[in-house]
Amino acid sequence: LMMAAGISVAQAEVTGNLGLTSDYRFRGVSQTQKSPAVQGGIDFTSASGFYAGNWNSSVTSEMYTGGAGVESDLYAGFKKEFNGITVDVGSLNYIYPRAKNGTTTDFNTHEVYGGIGFGPFTAKLSQSLGNYFGTADSKGSRYYELNLNQPLVEKLSVVAHVGRTVVANNKTLDYSDVNVGLSYDLDGYVVSGRVYKNTNKGSAFEAANTVNGQRLYRDAVVFSVAKTF
């Protein structure tokens, strides 16, 4: 991908990351049935602003039925600052090997996104190009989000997020998610704690995100640690 864009590997910065979280929450919903997850990936970033990468996490194979218990994300895009405003556009594929919703529909989801950042704030819109995480007739689903990462003192920051999921042709699956917390850079290890809450949710959303009696959308406190190298 980078060679096709005219970017040599020598021009790119390569970084890796590895982390552990007490509960992997994606857009407010637990992906691990409220259990810990191991996560990690690799990123290639060029001086021109083009980037590509892969990120992976363990997930529950009962939520992603019959799967390998893994989420693997592939993404590429362009991110650059112009006069104090950061622009970020790209494409992201969520892949769940072997997982099927029923007999034929898989959970794999392809989104394109665009975002802007100014100071501690970022705003982003993502839209699916096909079905949204195994939901039939859901092409064009959208996720709106606003994020804050504000340093308080050296190495300590307050982090906050609010998002809104709008599932195309499936209004009863729409909901909002919020989380807020603190992050601390401990000698290169970023330790964070967040409180998660989902609101404006309907009965169909609750049913779709209840596995073996566990309501995966319930409020939670999540702790994580990650290292970039």
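Ser72 counts as buried, because its relative accessibility is 17%, below the 20% limit for that class. The structure is a predicted model, and every value in this report was computed from it. Ser72 is found in strand S6, which covers residues 70–82, and its side chain is joined to that of Asn54 by a polar contact of 3.2 Å. Beyond the neighbours within four places in sequence, Ser72 is in contact with Asn54, Trp55, Asn56, Asn93, Tyr94 and Ile95.

**From Ser72 to the core**

One of those partners, Tyr94, leads into the interior of the model. The largest nonpolar core has 24 residues, and those that touch the most other members are Val29, Met63, Tyr64, Tyr94, Tyr96 and Phe133. In soluble globular proteins, nonpolar side chains tend to be buried together. With neighbours within four places in sequence left aside, the contacts of Tyr94 include Phe26 and Phe133, and they also take in charged or polar residues, among them Arg27, Glu71, Ser72, Asp73, Asn108, Thr109 and Glu111.

**Salt bridges**

How many salt bridges does the structure hold? There are 3 salt bridges, and the table gives each pair with the distance between the closest N and O atoms.

| Acidic residue | Basic residue | Closest N and O atoms |
|---|---|---|
| Asp23 | Arg25 | 3.0 Å |
| Glu111 | Arg27 | 3.0 Å |
| Asp219 | Lys197 | 3.2 Å |

In the pair formed by Glu111 and Arg27, Glu111 lies in strand S10 (residues 109–118) and Arg27 in the loop between S2 and strand S3 (29–30), so this salt bridge ties together parts that are 84 residues apart in sequence. Glu111 counts as buried because its relative accessibility is 2%, and Arg27 counts as buried at 9%. Both Glu111 and Arg27 are also among the contacts of Tyr94, a residue of the largest nonpolar core.

The salt bridge between Lys197 and Asp219 joins strand S15, where Lys197 lies, to the loop between strand S17 (214–215) and strand S18 (220–228), where Asp219 lies, so it ties together parts that are 22 residues apart in sequence. Lys197 is partly exposed, with a relative accessible area of 42%, and Asp219 is partly exposed as well, with a value of 48%.

**The surroundings of Arg25**

Is Arg25, a residue of strand S2 (residues 25–26), buried or exposed? Arg25 counts as buried because its relative accessibility is 9%, and Asp23, its salt-bridge partner, is buried too. Polar atoms of the Arg25 side chain also lie 2.9 Å from the backbone oxygen of Gly28 and 3.0 Å from the backbone oxygen of Arg218. Not counting residues up to four places away in sequence, Arg25 touches Ser30, Lys34, Tyr196, Asn198, Leu216, Tyr217, Arg218, Ala220 and Val222.

**A nonpolar patch on the surface**

Which residues form the nonpolar patch on the surface? They are Leu18, Leu20, Val38, Tyr184, Leu186, Tyr189, Val191, Val225 and Phe229, and their accessible area together is about 830 Å². Two or more residues of this patch come from each of strand S1 (12–21), strand S14 (175–186) and strand S15 (189–199). Val191, one of the members, lies in strand S15 and counts as partly exposed because its relative accessibility is 35%.

**Exposed loop residues**

Ala136 is found in the loop between strand S11 (121–128) and strand S12 (142–153), and it counts as exposed because its relative accessibility is 53%. Leaving aside neighbours within four places in sequence, Ala136 is in contact with Asn131 and Asn170. Although Ala136 and Asn170 are 34 residues apart along the chain, their C-alpha atoms are separated by 8.8 Å.

Two asparagines call for a remark on backbone geometry. Most residues other than glycine have a negative phi. Asn169, however, has a positive phi of about 60°, and Asn200 has a positive phi of about 50°. Asn169 is placed in the loop between strand S13 (156–166) and S14, and it counts as exposed at 60% relative accessibility. Asn200 is placed in the loop between S15 and helix H1 (203–208), and it is exposed, with a relative accessible area of 56%.

Notes:
Residues are numbered from 1 along each chain as its sequence is written. This is a predicted model: local features need pLDDT of at least 70, side-chain atom pairs count only at pLDDT 80 or more; totals for chains, interfaces and linings use all residues. Side-chain values use heavy atoms; hydrogens and water are left out. A nonpolar core is a set of buried Ala, Val, Leu, Ile, Met, Phe, Trp, Tyr and Cys residues joined through side-chain atoms within 4.5 Å. Buried means under 20% relative accessible area, exposed over 50%, partly exposed in between (1.4 Å probe, protein chains only). Contact means heavy atoms within 4.5 Å. A polar contact is a pair of N or O atoms within 3.5 Å; within protein, one must be able to donate a hydrogen and the other to accept it, and residues adjacent in sequence count only if both atoms are side-chain atoms. Patches are made of residues with over 30% relative accessible area and no salt bridge: like charges are joined within 9 Å, nonpolar side chains (Val, Leu, Ile, Met, Phe, Trp, Tyr) within 5 Å. Accessible areas come from the Shrake-Rupley method with a 1.4 Å probe; for residues, only the protein chains shown count as cover. A salt bridge is a side-chain nitrogen of Lys or Arg within 4 Å of a carboxyl oxygen of Asp or Glu. Helices (H or I, at least four residues) and strands (E, at least two) are DSSP runs, numbered from the N terminus.
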